[in-house]
Amino acid sequence: MSLLDDVSIVVTPNGYKAGELYAVIPSNGDADMDVTRATAATRVDEDGLVNYTEVIGAEEVTNGDFSNGLTDWTENGGSYATIVSGALNSNNSDAGNWYAENISQNVSFVNGTTYKLTFKAKNISGNLNLRITQGANAMASLDLTSTFVDYTYFYTANADNGSIRIFCNSAVGQFEIDNISVKEVTRDNVPRIDYTGGGCPHILAEPQRTNLFEYSESFNESEWSRTSVTVVDNSSQSPDGTNNASLLYPSSSGDYRYMHNSTTASSSTYTISAFVKASGKNVVWFYINSASNNGFIYYDLSDQTTQVVAGSVGTPTATIISYGNDWYKISFTTGTAVALASGSGIGVSDAKGDPAVTTNGTDGVLVWGLQLEAGSYATSYIPTSGSTVTRNQDIFTRDGIGSLINSTEGVLFVEMALLSDEDSNKYMSISDGTDDNKIQIDFDYSLSRLQYVVKKDAGVQANLKLPYTGTNMDKIAVKWKVNDFAVWLNGVEIGTDTSGLAPIGLNTLNFSSSGSNHFQGKVKQLQVYDTALTDTQLAALTS
């Protein structure tokens, strides 16, 4: 899978040119990196929306916007379909004939291939359920609202070819639907180009994490208990750009109005997170129930301040990060290992430090994307809809590029930030595919250091251990040449070694060391130069 061009992951075959930084992957594709994750994963896109990173194929539906009327569509079982303001209007009058009365179009499905189905629809009359199928297999089934809502579904075909069919599911009713699209989609092993915070993007490499909440967006499911609160699902647009945020408001005045989850888990450090937005109330709080104590952290969305309740479980810490449009991602980390009892969740109040809240039947907070994971910081959102979901570690590698790397001399340059101070011994390396010949940077946050190691024929040629903490975006360059090794950080040379040989046979670039200790962080640039740059060039490169 090729990386997108927004971020510079480059092996430069022509050396350094003064004043020039390489910003695109060579057109021959030799330096494209392979990404292995085997699961889907979300990121923040260039529009500031939280969504899955994916590669979309060609459109499979013809005239999905009905701009040519019912052309390319077949009206089965009667005459009940019209075009109203550019949308398909279907009026099903025979509940006993619901499956036969449908609008259909043949589609070239491929068995086992995943497709992205998008459309917008609304209910006109009747208590109906809209159903879209591949033949008899459901692609989407939903209850419509009285206004147009955009919908997205992912469907894996279980047969070649077939047709999509649109109909009311066992009910009399009238609906409108428009902008129907079916496209092949690839979501596993796709690199994440992340725009969190705006500005220039970065590649996101995260550890494996599991969202232990089985429903992260639908809070009227039985997994969620509601204590004196009302939850209205699909109340507003969420950070993913669709109408799937839930309104949480107190159904009566008093203390501790919240919804909570029955998830239990063995001893570990845990982080709970969610996207929240004020909707009449500005204060929201997280609650984690351990086997020995309870924990509370309050978040004021009006001034983005937090308050930890004294005596809370573990040594809790809080974050609150703006995601635009008055949405914030809040998180609560226990800090120390705890065993989770039932009851972790989220509530609303009128002031920090006080669980009391008044009600008027509407004012509350919008909530979306609840996540509970083992770990000392919140990672990117992992959607769930009926079971826990695991996102695997991002693994980046590229082999077979020996012709682009000069083993005798060169520079490895990276602009990056570690994800947190939890991570230790996370590597980037260039090697011959073994541990015997390599250029390696080891980010060991637990020891607050950066370690630069060079090996030739299994013998250590350079081993520089330098003070470093790396959660800020830094520019780092390491140089290798016979009797000339150096490390540069943000325009300053911080370490040298003037004795040693250069490695041989370098042909593999990894965000790891020999397939282990995978890098976890954000990478804006990663470049390999086939000459040992001068001090002036290295200062310019890393400034």
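## Aromatic pairs and salt bridges in a predicted model

In this predicted model, the count of aromatic pairs comes to 24. One of them is formed by Y256 and W285, an edge-to-face pair whose ring centres lie 6.2 Å apart and whose planes stand at 90°. This pair links distant parts of the chain, since Y256 belongs to the loop between β22 (254-255) and β23 (257-261) while W285 belongs to strand β26 (residues 283-289), with the two positions 29 residues apart in sequence. Y256 is partly exposed, at 37% relative accessibility, whereas W285 is buried, with a relative accessible area of 0%.

A second pair, F443 with Y468, has its ring centres 6.0 Å apart and its planes at 50°, so the pair is tilted. Here too distant parts of the chain are linked: F443 is in strand β39 (residues 438-444) and Y468 is in the loop between β41 (459-467) and β42 (474-480), 25 residues apart. F443 is buried at 1% relative accessibility, and Y468 is buried at 7%.

Y256 and W285 also belong to one aromatic cluster, together with Y258, Y287, F296 and Y298. Aromatic rings take part in contacts with charged groups as well: the charged end of R187 sits over the ring of F154, 3.5 Å from its centre, and R209 lies over the face of Y377, at 4.7 Å from the ring centre.

Turning to charged pairs, the structure holds 13 salt bridges, among them the following.

| Salt bridge | Closest N to O distance |
|---|---|
| R37 and D394 | 2.7 Å |
| R192 and E206 | 2.9 Å |
| D484 and K479 | 3.1 Å |

R37 lies in the loop between β2 (34-36) and β3 (42-44) and D394 in the loop between β35 (389-391) and β36 (395-398), so their salt bridge ties together parts that are 357 residues apart in sequence. R37 is buried, with a relative accessible area of 2%, and D394 is buried as well, with a value of 1%.

The salt bridge between R192 and E206 likewise links distant parts of the chain, with R192 in the loop between β15 (173-186) and β16 (193-194) and E206 in the loop between β17 (202-205) and β18 (209-211), 14 residues apart. Both R192 and E206 are buried.

In the salt bridge of D484 with K479, D484 is partly exposed, with a relative accessible area of 27%, while K479 is buried, at 5%. Finally, salt bridges that share partners join R37, R192, E206, R391 and D394 into one network.

Note on methods: Residues numbered from 1 in each chain as written. Predicted model: local features only at pLDDT ≥ 70, side-chain atom pairs only at ≥ 80, totals over all residues. Heavy atoms only, no water. Phe/Tyr/Trp six-rings, centres within 6.5 Å; stacked < 30°, edge-to-face > 60°. Helix = DSSP H or I, 4+ residues; strand = E, 2+ residues; numbered from the N terminus. Buried < 20%, exposed > 50% of the residue type's maximum accessible area, 1.4 Å probe, protein only. Lys NZ or Arg CZ within 6 Å of the ring centre and 35° of its normal. Salt bridge = Lys/Arg side-chain N within 4 Å of Asp/Glu carboxyl O.
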